[in-house]
Amino acid sequence: MSAVVRIVSVSVASAAVLGLVIPVGLAPTASALPCSAPEANVEPPAAAPAMPPPSPVVHPPTGRRPRGANEKAPLPKLGPLISSLLRPGSSRYSAPVQQEAAIVPPGPTPPGAANQQLPNATQAAPNAAPVPPPAPEPAPPASIAGAPTSVVDWVTGPNGPNSTLQRFGISGTDLGILWDNGDPVNRQVLMAFGDTFGYCRVHGQQWRHNVLFRSQDNNLADGISVPPGSPTDKYSGSPVLASGISRPILPGVRWAPNETGMIPTAGISVGNTQYINFMSIREWGRDGEWSTNYSAIATSPDNGQHWGIYPGSVRTPGPDSIPGARHIPGNENFQMGAFMKPGDGYVYSFGTPSGRGGSAYLARVPQNAVPDVTKYQYWNGEGNGWVPNNPGAATPVIPGPVGEMSAQYNNHLKQYLALYTNGANDVVARTAPAPQGPWSPEQMLVSSFQIPGGIYAPMIHPWSSGKDLYFNLSSWSAYDVMLMHTELP
């Protein structure tokens, strides 16, 4: 199928009703099958490595597709870039980076060792007493439904400003989960992506389970700039192979007999230690549906350059998910989720079942014990609300369907803010005075009719401030990630 330039056909009236601002311009040529685009079918560089996938997956899995998505739908128009705040003469991709030797974290251990002691590297603040959460805000914020929302620019894609195919071997990918690395020496935002494709004429189409970007760009009005990658520099734009292609970051442990993906769902830092929650995909189902083998937590002490997986963090959705692994009822509701660190001594972990149809649940853990699932407390709304070490006690804090959510405390609204896609594949927001709620009704930011072709995974940028809310959003018809901007009231 030949790719064509696609432009959105949304009436001015319908856009105005829901507040979506669609700037004038042309979108990159792309489709839900990255290898149908001519940009991905060009001859790769001579040094481009063949990366045969560990399974026969060579196209975006069907289960990732939002319900009703049309692969041939027009893509959103992208307007001209707003001038950046870089110094005159500086390059968008020339941010200085520091060279430092990589530190290899503890290697993965088979699930049979699930009760082993956690490595000391996770003890960011040993024996620190949790600080009580702040008192809930008494007044609800103004409604944000219909707040003006616009497409800023592509983060990934062959024709986007980051030229990710030419620079990182990435023609198509999704998610773009964002978090602050917490490094006082070199503050960056890290971005984790899911199923990733590269040059299509290379064996296996350079498919990877996951990849990582880093960025120091704090002028988000013109998009997110990603500097060059390096095999050895932990502050470079991406962990790459010697050839320059972004490499998979999560170790392929293969604890489950059937595994077709290892997809990041949340990221957070505690001190200089990075954590990713990921799900092991067992089977892709119908649109928006999939099953998991387990979820688990991976950690990196070197800014995402190398990762190890904590076997004790494995959460199975059922008793037969992994041979020999213990199943704890309730863990099926924590296969996906979102991390949030509001500064009260805890990391909060929202959880949802696999797919996009479940409700959201809530747990919290002292910051020094993120990989130790026995230290988690689960919200059930009774008594003091928090039940230790019993995921089965958790009750929904946001009713489903909740699809691929992100959350943060918003200093402009003075409320907690959650974004996700609902059952109609609209990007919606909820606000609450506390992580456990009560959460407001859904407030629409982007309708699926305004960006046809399937949108999903609204991931909040941690450096959003004031009225400016920025978030990554995945497009199925492009199979790439775009940066969105909402002007809050």
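## Asn303 and its surroundings

Helices, of at least four residues, and strands, of at least two, are taken here as DSSP runs numbered from the N terminus. In these terms Asn303 belongs to the loop between strand E8 (290-300) and E9, in a model that is predicted. With a relative accessible area of 3%, Asn303 counts as buried, because the term covers residues under 20%.

The side chain of Asn303 makes a polar contact of 2.8 Å with the side chain of Gln188. Once neighbours within four places in sequence are set aside, the residues in contact with Asn303 are Asn181, Gln188, Leu190, Leu212, Arg214, Lys234, Tyr235 and Gln274.

## The chain as a whole

The chain has 489 residues, of which 59% count as buried, and its secondary structure consists of two helices and 21 strands. Where contacts join residues at least 6 apart in sequence, 62% of them are between residues at least 24 apart. The area that the chain exposes is about 18,000 Å², and carbon and sulfur atoms supply 56% of that area.

## Nonpolar cores

In soluble globular proteins, nonpolar side chains tend to be buried together. In this model the largest nonpolar core holds 52 residues, and the members that touch the most other members are Trp179, Met191, Phe278, Tyr294 and Ile309. Tyr294, leaving out residues up to four places away in sequence, touches Val253, Trp255, Glu259, Phe278, Met279, Ser280, Val314, Arg315, Thr316, Pro317, Ile322 and Gln335. A second core, separate from this one, has 21 residues, including Ala147, Trp154, Ile455 and Met482.

## Aromatic pairs and charges over rings

The count of aromatic pairs comes to 14. In one of them, the ring centres of Phe197 and Tyr479 are 5.9 Å apart and the ring planes meet at 70 degrees, so the pair is classed as edge-to-face. Phe197 lies in the loop between strand E4 (189-193) and strand E5 (211-215), while Tyr479 lies in the loop between strand E20 (468-475) and strand E21 (480-487), so the pair ties together parts that are 282 residues apart in sequence. Phe197 and Tyr479 are both buried. Phe334 and Tyr361 form a tilted aromatic pair, with 6.4 Å from centre to centre and 50 degrees between the planes. Here Phe334 is in the loop between strand E9 (308-315) and strand E10 (336-340) and Tyr361 is in strand E12 (residues 361-366), so that the pair links distant parts of the chain, 27 residues apart. Phe334 and Tyr361 are likewise buried.

Ring pairs also join Tyr346, Tyr348, Trp379 and Trp386 into a cluster. Tyr346 has a further partner in Arg364, which lies over the face of the tyrosine at 4.1 Å from the ring centre. Elsewhere, the charged end of Arg356 sits over the ring of Tyr456, at 4.7 Å from the centre of that ring.

## The loop between E14 and E15

Pro396 is found in the loop between strand E14 (386-388) and strand E15 (403-410), and its relative accessible area of 45% makes it partly exposed. Apart from residues up to four places away in sequence, Pro396 touches Ser359, Ala360 and Tyr361; Tyr361 is also the partner of Phe334 in the tilted aromatic pair. Between Pro396 and Gly381, which are 15 residues apart in sequence, the C-alpha to C-alpha separation is 9.4 Å.

The loop between E14 and E15 also contains Pro401, and the peptide bond leading from Gly400 to Pro401 is cis, with omega near 0 degrees.

## Other backbone features

A cis peptide bond is also present between Gly437 and Pro438, where omega is about 5 degrees; Pro438 is in the loop between strand E17 (427-432) and strand E18 (443-446).

Positive phi values occur at two residues that are not glycine, namely Gln206, where phi is near 55 degrees, and Glu404, where phi is about 45 degrees. Gln206 lies in the loop between E4 and E5, whereas Glu404 is placed in strand E15. Gln206 is buried, with a relative accessible area of 1%, and Glu404 counts as buried at 6% relative accessibility.

Conventions:
Residues are numbered from 1 along each chain as its sequence is written. This is a predicted model: local features need pLDDT of at least 70, side-chain atom pairs count only at pLDDT 80 or more; totals for chains, interfaces and linings use all residues. Side-chain values use heavy atoms; hydrogens and water are left out. Buried means under 20% relative accessible area, exposed over 50%, partly exposed in between (1.4 Å probe, protein chains only). Contact means heavy atoms within 4.5 Å. Accessible areas come from the Shrake-Rupley method with a 1.4 Å probe; for residues, only the protein chains shown count as cover. Rings of Phe, Tyr and Trp (its six-membered ring) pair if their centres lie within 6.5 Å; planes under 30 degrees apart count as stacked, over 60 as edge-to-face and the rest as tilted. A charge sits over a ring if NZ of Lys or CZ of Arg is within 6 Å of the ring centre and within 35 degrees of the ring normal. A nonpolar core is a set of buried Ala, Val, Leu, Ile, Met, Phe, Trp, Tyr and Cys residues joined through side-chain atoms within 4.5 Å. A polar contact is a pair of N or O atoms within 3.5 Å; within protein, one must be able to donate a hydrogen and the other to accept it, and residues adjacent in sequence count only if both atoms are side-chain atoms.
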